[in-house]
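Biologist: Can you take me through this model? I have a few short things to ask.
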Amino acid sequence: RKPVRVSHLWNCSVAMGNSLAAFAASPAMFAAVQTPPRAEAHLQLPPQLAWQRSCRWSASASSSSGCGGRSAVPVQSLSSSVALWGVACAAAGLHSRRREERARIKRGRPPRSALAAAPAPVTLAYGAKSLFDAMPKLWLQKDVRKAMREEKHPWIYDRALHQLKEEPASGAVVGVVFKKDFIAVGFYDPASPLRVRLLTWGYELPDERWAARVAAEAADRRRNDKRLQRCSGIRLLNGETDWMPGLVMDAYNGIVVVACDGDACEAFWLPKLNAILRAFIAAGFGLTCAVRKGSGEPLWFVDSKAGPPGVSVFEENGAKFEADVANGHKTGFFLDQRENRRSIRGLASGKEVLDLFCYTGGFAISAALGGATRTTSVDQAAKAIEACQRNFKLNGFDAEIVQGSKAQSGAAHSLHVGDCFDFLEEAAARGRLFDVVVCDPPSMAPSEKTRGRALNAYDKLNALSLAVVRTGGLLLSCSCSSHVHAKDLRKVVLGAAEQAGRKVTIEREDRAGSDHPLRKGFPQGDYLQALYVRVHD
């Protein structure tokens, strides 16, 4: 039994209505059909059932053919009855169509509505009936469909998938299936245990139009954020938490640094880069060029005659910083600590501040602008300390570079090239104390295997830091590893306080800035932890 098509039922009802109306119409009826039938007015029938027009034509035709002597027949009621009969038949056909769609989905085929939404210029494999049929499929080993659809976690590891006879290309768009149930679409990474990064759930194609739409949504969130209005250094896209997994884009005064997490990410995202950047420009962001992270290789230019940039100077809440967009660490600056730098600036008036792992001096310069009487910055990288000195000068301060952790300086703003652990041990031995200590080390737990070792290092570092905080002072203890959670850092800090013989309270906890959003179902996005620890004794 073949399903009845709705279009056939409409055509049959139209033909029957026209025949009955033509047979029963007379000149006396012509006035009666001037008012639209009730069925047409209330049931919103399609254009094929234009009953009023057909009845008018039938009445005029019967009058011209000399059939004016017949008795009056209620044409309006007859037409309405036929219309209602047609609607009933159409409803039966619609039910049949929905049953057919459910059967297609049960067999692992996409619904026809999804196929209609697919872009027209598509090259399909021989015998494929849709883009989803031609797409490489990956089969899940366990039934985790409910979690995938409800939580929408964007990662699938290799151990969760059945082995493939033929592996897709790096960055290829693939469909994720359990038995015959089509679940999501992502791109494939054969070189990583994180084998698939999911992009859409259901039958939605992650093409350039999709990328532009998602980028426009991210641009709107940042454009309407009041906390970013005085900042020309902004994270435009934060990977998974902005629904663009593996892609990070930071803008420094119009220069965009693009960071892709691996070759597969580059293969998938770079062809869509122009559409993504154009979406931000349309939202009001003044972007001039885009370069690759780590090399400064130009990827996109508004003016093709402009040379590749090396350093970009940007503003953040009244402070000025330079970002090495070609060879800097990360993308050139740590934009995620923006709100914590603002907090330290508000707490620094009349205080002596120590900035550990200072990089290019974000916290120390914020403290100086906030009225700190003295700042001390420590980092092992000589180039970072030189950049820190330039940033002090950009903000109207003179800073002195000191080599070695044991060396001392009488300058108001001193920059020490040395190991932070050694500096803290030396400062504690000399009895040197600070009012505010900022401890923001690099990630010590890049993987779950290194988590235990990292917690031991955090414990030692926080104990040393608490030993140089004055009574009544403040320690800002940070961790930027997704494998170290807030509860882990709290436990570390309280244990370190006991080890150092200090009484402390955790006054406040903070996270990354608002341009590093969180996403439900993706706890790895909450990677930055910041504890404001008050030292009482």
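**Ser-481 and its surroundings**

Modeller: Setting aside neighbours within four places in sequence, Ser-481 is in contact with Ser-443, Ala-445 and Tyr-527. Keep in mind that this is a predicted model.

Biologist: Where is the place of Ser-481?

Modeller: Ser-481 lies in the loop between strand 18 and helix 16, the latter being residues 486-500.

Biologist: And does Ser-481 count as buried or exposed?

Modeller: Ser-481 counts as buried, because its relative accessibility is 2% and the cut-off for buried is under 20%.

Biologist: OK, on to the sheet. What is the strand order in the open sheet?

Modeller: The order is 15-16-14-13-17-18-20-19, which makes eight strands, and the pairing is mixed. The edges are strand 15 (400-403) and strand 19 (504-510), each pairing on one side only. From one strand to the next, the twist averages 20 degrees.

Biologist: In what sense do strand 15 and strand 16 pair, parallel or antiparallel?

Modeller: Parallel, over four bridges, with strand 16 covering residues 413-417. Within that pair, Val-402 stands opposite His-416 of strand 16.

Biologist: Which strands does helix 14 touch?

Modeller: Helix 14 (residues 420-430) packs on the sheet and touches strand 13 (352-356), strand 14 (374-379), strand 16 and strand 17 (434-439). The direction of helix 14 makes about 145 degrees with that of strand 13.

Biologist: Then what about helix 15, which strands does that one touch?

Modeller: Helix 15 (residues 451-466) also packs on the sheet, touching strand 13, strand 17, strand 18 (469-479), strand 19 and strand 20 (529-535). Its direction makes about 155 degrees with that of strand 18.

Biologist: Changing topic. At what angle do helix 11 and helix 12 pack?

Modeller: About 35 degrees, with the axes 7 Å apart; helix 11 is residues 338-347 and helix 12 is residues 362-369. The crossing is right-handed.

Biologist: Which residues meet there, between helix 11 and helix 12?

Modeller: From helix 11, Asn-340, Arg-341, Ile-344 and Arg-345; from helix 12, Gly-362, Phe-363, Ser-366, Ala-367 and Leu-369. By class, that contact has four nonpolar, three polar and two charged residues.

Biologist: Last one. Which residues of helix 10 are buried?

Modeller: In helix 10 (residues 273-282), the buried residues are Leu-273, Ala-275, Ile-276, Leu-277, Ala-279 and Phe-280. Just after helix 10 comes Gly-284, with a positive phi of about 105 degrees.

Notes
Residues numbered from 1 in each chain as written. Predicted model: local features only at pLDDT ≥ 70, side-chain atom pairs only at ≥ 80, totals over all residues. Heavy atoms only, no water. Buried < 20%, exposed > 50% of the residue type's maximum accessible area, 1.4 Å probe, protein only. Helix = DSSP H or I, 4+ residues; strand = E, 2+ residues; numbered from the N terminus. Axes fitted to C-alpha atoms, helices over the stretch in contact; angles between N-to-C directions. Left-handed = near helix turned anticlockwise from the far one by under 90°. Contact = heavy atoms within 4.5 Å. Nonpolar A, V, L, I, M, F, W, Y, C, P; charged D, E, K, R; others polar. Pairing = 2+ DSSP bridges.
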